[in-house]
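Trainee: I should like a close look at a single part of this model, namely the open sheet and how its strands are arranged. Please also place it beside the buried residues found elsewhere in the chain.

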Amino acid sequence: APKLSIVNLGMLPGAHDVYGSWARDINDKGHIVGASNFVIAGTAVPRAFLWRNGKMADLGTLPGSSGGSSAIAINARGQVLGDSQMPPSHLPRAFIWDRGVLSDLGTLPGFANSFPIALNDVGQVMGETEEDAITGARHGFLWHNGIMTDLGEATPLAINNSGQIVL
C-alpha cells in the first residue's frame with residue numbers, strides 16, 4: 001500500500017488565518033496550486049499561489065485587476081492556469097502563469113470574461129467565455145500560443161495531451 005502523508009501548506013504571508021487557503025491541483029512533481037485569502041476592507045479576497053519545495057509563492061493578479069485571483073490547474077511543465085477578477089464588476093479573466101510571467105488569455109470577441117477549465121501538458125487551455133451576466137450566452141474556447149479559438153455554444157469539460165476535447 002502507498003504511504004500517505006498530510007502536509008499543511010500554510011498560507012501566503014499576510015493572509016488571514018480565519019479564511020485560510022485551499023489547494024486545487026497537484027502535478028507529478030508535487031507542485032500544488034490554489035488560493036489563499038487576504039482580508040481587504042472587511043472582505044475576503046483570494047490570491048493565486050504555487051506551492052513547491054515547501055514554500056508558497058504568490059502568483060499575483062493580472063494588471064488592472066479589481067480583486068483577487070485563483071489558480072485551478074498545474075501541468076507537468078509547471079504552467080499554472082487560473083483567473084483574476086477584472087473591472088468594472090469583478091468578472092473573471094483566465095490567465096496562464098509560466099516561469100514567472102502571468103499572461104492574460106483574453107476573451108472571445110464580444111464576450112465579457114473568460115473562465116479557465118483545464119490545462120494540458122502541451123500548454124493548451126480550454127474554458128468558457130460569457131457574453132454578459134444578463135443574457136448568459138456562453139461559448140467554449142481553446143487557447144494555445146496566444147490564439148483563442150471559439151468552440152461554439154458547448155461547455156468544454158476536459159482536454160488531453162493530444163488536444164482532444166470533451167464537450
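Mentor: The account below takes the sheet strand by strand and then turns to the cores and two buried polar residues.

This is a predicted model, in which local features need pLDDT of at least 70 and side-chain atom pairs count only at pLDDT 80 or more, while totals for chains, interfaces and linings use all residues. Residues are numbered from 1 along each chain as its sequence is written, and side-chain values use heavy atoms, with hydrogens and water left out.

The open sheet consists of four strands in the order β1-β2-β3-β4, with antiparallel pairing. Strands here are DSSP runs of E with at least two residues, numbered from the N terminus, and two of them pair if DSSP finds at least two bridges between them. Strands of a sheet pair through backbone hydrogen bonds, either parallel or antiparallel. Because β1 (21–26) and β4 (55–60) each have a single partner strand, they stand at the edges, and one side of each is left without a neighbour in the sheet. On average, neighbouring strands of this sheet are turned by 35 degrees against each other, direction ignored; the axes behind this value are lines fitted to C-alpha atoms, and angles run from 0 to 180 degrees between N-to-C directions.

Strand β2 (residues 32–40) is joined to β1 by five bridges. Within this pairing, A23 has G34 as its bridge partner, and S21 lies opposite S36. The two strands form a hairpin with five residues between them, and G30 in the turn has a positive phi of about 85 degrees. Towards β3 (residues 43–52), β2 is joined by nine bridges, again in an antiparallel arrangement. S36 faces R47 in that strand. The hairpin of β2 and β3 has two residues between the strands, and A41 takes a positive phi near 50 degrees. Of the nine residues of β2, seven are buried, where buried means under 20% relative accessible area, exposed over 50%, and partly exposed in between (1.4 Å probe, protein chains only).

Next come the nonpolar cores, each a set of buried Ala, Val, Leu, Ile, Met, Phe, Trp, Tyr and Cys residues joined through side-chain atoms within 4.5 Å. The largest has 13 residues, and L81, L105, V125 and W143 have the most contacts inside it. Two or more residues of this core come from each of β5 (69–74), β7 (91–98) and β11. A second, separate core of twelve residues includes L50, L59, A71 and I74.

Two buried residues with polar side chains complete the picture. E128, in strand β10 (residues 125–130), is buried because its relative accessible area is 7%. Its side chain makes polar contacts of 2.9 Å with the side chains of R138 and T155. A polar contact is a pair of N or O atoms within 3.5 Å; within protein, one must be able to donate a hydrogen and the other to accept it, and residues adjacent in sequence count only if both atoms are side-chain atoms. H139 belongs to strand β11 (residues 138–144) and counts as buried because its relative accessibility is 17%. The side chain of H139 makes a polar contact of 2.9 Å with that of D150. Leaving aside neighbours within four places in sequence, H139 is in contact with residues including E128 and D150, contact meaning heavy atoms within 4.5 Å.
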